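Dear colleague,

Please find below the structure that I am handing over to you. My notes on what was found in it follow.

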Amino acid sequence: MAHILHSKGYTIALAYFEHGIRKQESLNDQKFVEQFAAQLGVPFFTTSVDIISQGKNIENTAREFRYAWLNQVRQEQGYDYICTGHHQDDQVESVVWALLRKSGVRGCAGIAEKK
């Protein structure tokens with residue numbers, strides 16, 4: 001997605017929110033995104049929060065913190081949109097959790113394409 005947006009002339013930046021959950025694996029991902037931003041020549045933003053220490057539902061808390069921070073960066077830097085990349089496993093996980101919570105049809109729809 002970043003390649004496509006950048007190649008089409010959009011002004012983009014890459015951001016990475018480190019949740020403090022996956023430790024070294026997450027730090028490796030962060031380094032990858034930072035190097036990718038450098039290759040594209042675009043700004044890179046990062047922050048970290050120890051989500052586990054918040055004492056709440058990890059997934060929901062991580063999502064809330066991540067989107068609040070991404071929106072803050074968007075506003076401060078003057079970007080118009082936030083684009084996030086999800087893969088099929090994320091969709092499956094969202095639907096399974098919704099089913100386990102006995103969500104209705106709307107709740108089982110998975111990750112929204114656009115908010």
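I begin with one residue of this predicted model: F36 has a relative accessible area of 17% and therefore counts as buried, since buried means under 20%. F32, in contrast, has a relative accessible area of 55% and is exposed. Both residues belong to helix α2, where they sit four residues apart, about one turn of the helix. An α-helix has 3.6 residues a turn, so residues three or four places apart point the same way.

Aromatic pairs

How many aromatic pairs does a search of the whole structure find? The search returns two. In one of them, the ring centres of F17 and W69 are 5.9 Å apart and the planes meet at 55 degrees, so this pair is tilted. Because F17 is part of strand β1 (residues 14-18) and W69 is part of helix α3 (residues 58-77), the pair ties together parts that are 52 residues apart in sequence. Both F17 and W69 are buried. F32 and F36 form an aromatic pair as well, and this one is stacked, with 6.3 Å from centre to centre and 10 degrees between the planes.

Overall arrangement

The chain comprises four helices and two strands. Starting at the N terminus, its elements follow the order α-β-α-β-α-α. The strands β1 and β2 run parallel and are joined by five bridges; A15 stands opposite F45, which lies in β2. Together with α2, these two strands make a right-handed β-α-β unit.

For the chain as a whole, 23% of the 115 residues count as buried. If one takes the contacts between residues at least 6 apart in sequence, 52% of them join residues at least 24 apart.

Helix α3

The 20 residues of α3 should span 28 Å at 1.5 Å a residue, and the end C-alpha atoms are indeed 28 Å apart, which agrees. The buried residues in this helix are T61, A62, W69, L70 and V73. Where do the buried residues of α3 lie when the helix is seen down its axis? They fall within an arc of 155 degrees, so they line one face of the helix. What do the buried residues of α3 pack against? Their partners are β1 and β2. On the face turned away from the buried side, α3 carries the exposed residues E64 and Q75. Just after the helix, G78 adopts a positive phi of about 80 degrees.

The loop residue V42

V42 is found in the loop between α2 (24-40) and β2 (44-48). Is V42 buried or exposed? Its relative accessibility is 12%, so V42 counts as buried. Apart from its neighbours within four places in sequence, V42 is in contact with H6, I12, A13, L14 and A37. The C-alpha atoms of V42 and T11 are separated by 8.2 Å, although these two residues are 31 residues apart along the chain.

In brief, the points to which I would draw your attention are the tilted pair of F17 and W69, the right-handed unit made by β1, α2 and β2, and the packing of the buried residues of α3 against β1 and β2.

With kind regards

Methods. Residues numbered from 1 in each chain as written. Predicted model: local features only at pLDDT ≥ 70, side-chain atom pairs only at ≥ 80, totals over all residues. Heavy atoms only, no water. Buried < 20%, exposed > 50% of the residue type's maximum accessible area, 1.4 Å probe, protein only. Contact = heavy atoms within 4.5 Å. Phe/Tyr/Trp six-rings, centres within 6.5 Å; stacked < 30°, edge-to-face > 60°. Expected span 1.5 Å × (residues − 1). Arc of directions from axis to C-beta. Pairing = 2+ DSSP bridges. Right-handed = clockwise from strand over helix to strand, strands pointing away.
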